[in-house]
Amino acid sequence: MCGIVAYIGQRDAYPVVLKGLKRLEYRGYDSAGVAILNHGLHVYKKKGKVAQLEDFLTGKNMQSHIAIGHTRWATHGEPCDRNSHPHVSGDGKLAMIHNGIIENYALLKQELLNKGHQFESDTDTEVLIHFIEEIRNSNQCAVEEALRIALKRVVGAYVIVIVDEDNPDTLIAARKGSPLVIGVGKGEHFLASDASPIVEYTKEVVYVNDYEIAIVKADELILKNITNERQTPYIQKLDIELTAIEKGGFDHFMLKEIFEQPQTIFDSLRGRLDAKNGQLTLGGIREYTDVLANARRVIIVACGTSWHAGLVAEYMIEELCRVPVEVEYASEFRYRNPVVGPGDVIIAVSQSGETADTLVAMESAKAQGAIILGVCNVVGSSIARLSHAGVYTHAGPEIGVASTKAFTAQLAVLCLIGLKVAIEKGSISQQRFQHLLDELQDIPEKVGLALKLNEQIKQVAQKYKDARDFLYLGRGYNFPVALEGALKLKEISYIHAEGYPAAEMKHGPIALVDEQLPVVFVATRDSFYEKIVSNIQEIKARKGKVIAIVTEGDQIIPAMADDVIQVPEADELVSPIISVIPLQLLAYHIGVSKGYDVDKPRNLAKSVTVE
Ligand code: G6P
């Protein structure tokens, strides 16, 4: 949520920052801005996407060896030029970009107003830079010292970067609760919300920790903690390639990521699954499989699509491991004073590893004695670091705001976890274990076959794109898939869509059914097959339009559905990884046919770093 980029070094800083902002636009895109130093501080900001800022700046002299930039997802104040970042101090000498929320900004603002400060924006960020300025002036100290004092009073989450007209060779940054990566080059440094703006220049990065302050010059990086003690920067090697963050010939990142799934699922299984020899290795949680097997309860906390992956995992883990599983919206779990403690295992599922609600839920459960395991995609992310142990999903960078490949990789990894615990616990037969290993091994190929349905699904999308509402129904393992299908559609096509357990549909949503309503059934051959056939008939009896996702070779449902999409057969435990593919494509094609920017749907952001 909000992307920040900064550069200091020998290059022309503005193009580096502009390109970085484009890479980070998935984090927010309602306005953007940059600040440079060129005979004084210059700040430019514009409502809209980064391209609008770029147009606005074309032809201007943007030469500078230092620059900061921001792409915004509004929290305080509507998206407009005035509320865009960077924000400046009262004397116009300091400019700041910020990702996060200053929760006590109203109180600080009142204090500053009493002291005569005037504000141009409605943001918490402008309050913070004025607060730092006020401390600097009243204590006659350096900005770095003023920042340290200010942060002791600030409540909330932040990554901030400050540029100071009087100190043109230094950037000052600080982090608490939001991500900050520093790229270390030769005589240059890059600061960003994630590694994507950095990877084309250097593979050496430092992940800044909470409560650390970075003083960054072209050829020097000093890290200090909030009590002013020097910290040793821990330089890590990035393992992503530039191609992973570019569209590579696809019209959209979302489509590229949908089509990458045979490979990304393979990557999530690689080195872990050895079906031929009946082996499964999960080094990341080696010391915790016992704890999981004997857990009083497993609680999965997550948000959005990751929460849907958690729901599938509930079915998987309960069936395989015979351990009770609860799946919680992280935001609700944290604030309802849950009963949690020793004996409970929390599994936090997150693509970004930075989702604020998930992080806070983990922190509170950890403080109460629960073991925390992370299933994250982004290596080195906050959730990964806060966990006692975990398993990375290895789906590669996901740029499209609507999650696709991260979801299927999460399902694959959560299935591996369930299988590993089950075989060690003895709650699964050797034969079923081997069968499921074989099934998992075949998944990438079957997903590849499901992707061949793209053209057919495009036609189905054309037929239904003008519908006002959609209903998605599934049972058992396919119920969370129905939820995910509905979420994908509303995220990128802005069509109202509801996911429901197919049987529960009789208790309300059936009232919506008429000849206008497309109902998507996820009805592959599983233990609920006969039951869902009855549910389809109930919809047809009321003239609803049925789009059915079925198993190849099905003879029964095609005779009653309006449109049928046949996916490869798979064991029901792993079938969600396949049955979700047509739903991703359906949402994609409907969104595109309506002319929407499917990679950056309105109002959404990929990494939600505010609670
Ligand atoms: C946002 C994204 C979703 C994502 C959710 C959770 O809402 O738009 O795609 O599923 O956050 O994010 P996480 O990174 O924790 O999986």
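Reader: In this predicted model, which residue has a polar backbone atom 3.0 Å from an oxygen atom of the ligand?
Author: The pair in question joins an oxygen atom of the ligand to the backbone and lies inside the 3.5 Å cut-off for a polar contact. The residue that supplies this polar backbone atom is Thr305.

Reader: How far is an oxygen atom of the ligand from an N or O atom in the side chain of Thr355?
Author: Side chains also take part, since an oxygen atom of the ligand is 2.6 Å from an N or O atom in the side chain of Ser350. For the side chain of Thr355, the corresponding distance to an oxygen atom of the ligand is 2.4 Å.

Reader: What share of the area that the ligand exposes when taken alone does the protein bury?
Author: Taken alone, the ligand exposes 380 Å². Of that area, the protein buries 91%.

Reader: Which helix gives the largest share of the shell around the ligand?
Author: The shell divides into four nonpolar, eight polar and one charged residue. Its largest share amounts to three residues, and these come from the element spanning residues 304-321, helix 9.

Reader: Why is helix 11 described as largely enclosed by the rest of the structure?
Author: The buried residues of helix 11 include Ala356, Leu359, Val360 and Met362, and what covers the buried residues includes strand 18, helix 10, strand 20, strand 21 and helix 12. Helix 11 is largely enclosed because, of its twelve residues, the number buried is nine.

Reader: What phi does Gly369 take, just after helix 11?
Author: Helix 11 covers residues 356-367, and its end C-alpha atoms are 16 Å apart, in agreement with the expected span. Just after this helix, Gly369 takes a positive phi of about 100 degrees.

Conventions:
Residues numbered from 1 in each chain as written. Predicted model: local features only at pLDDT ≥ 70, side-chain atom pairs only at ≥ 80, totals over all residues. Heavy atoms only, no water. Polar contact = N/O pair within 3.5 Å; in protein donor to acceptor, adjacent residues only side chain to side chain. Areas by Shrake-Rupley, 256 points an atom, 1.4 Å probe, with all protein chains shown as cover. Helix = DSSP H or I, 4+ residues; strand = E, 2+ residues; numbered from the N terminus. Nonpolar A, V, L, I, M, F, W, Y, C, P; charged D, E, K, R; others polar. Expected span 1.5 Å × (residues − 1). Buried < 20%, exposed > 50% of the residue type's maximum accessible area, 1.4 Å probe, protein only. Contact = heavy atoms within 4.5 Å.
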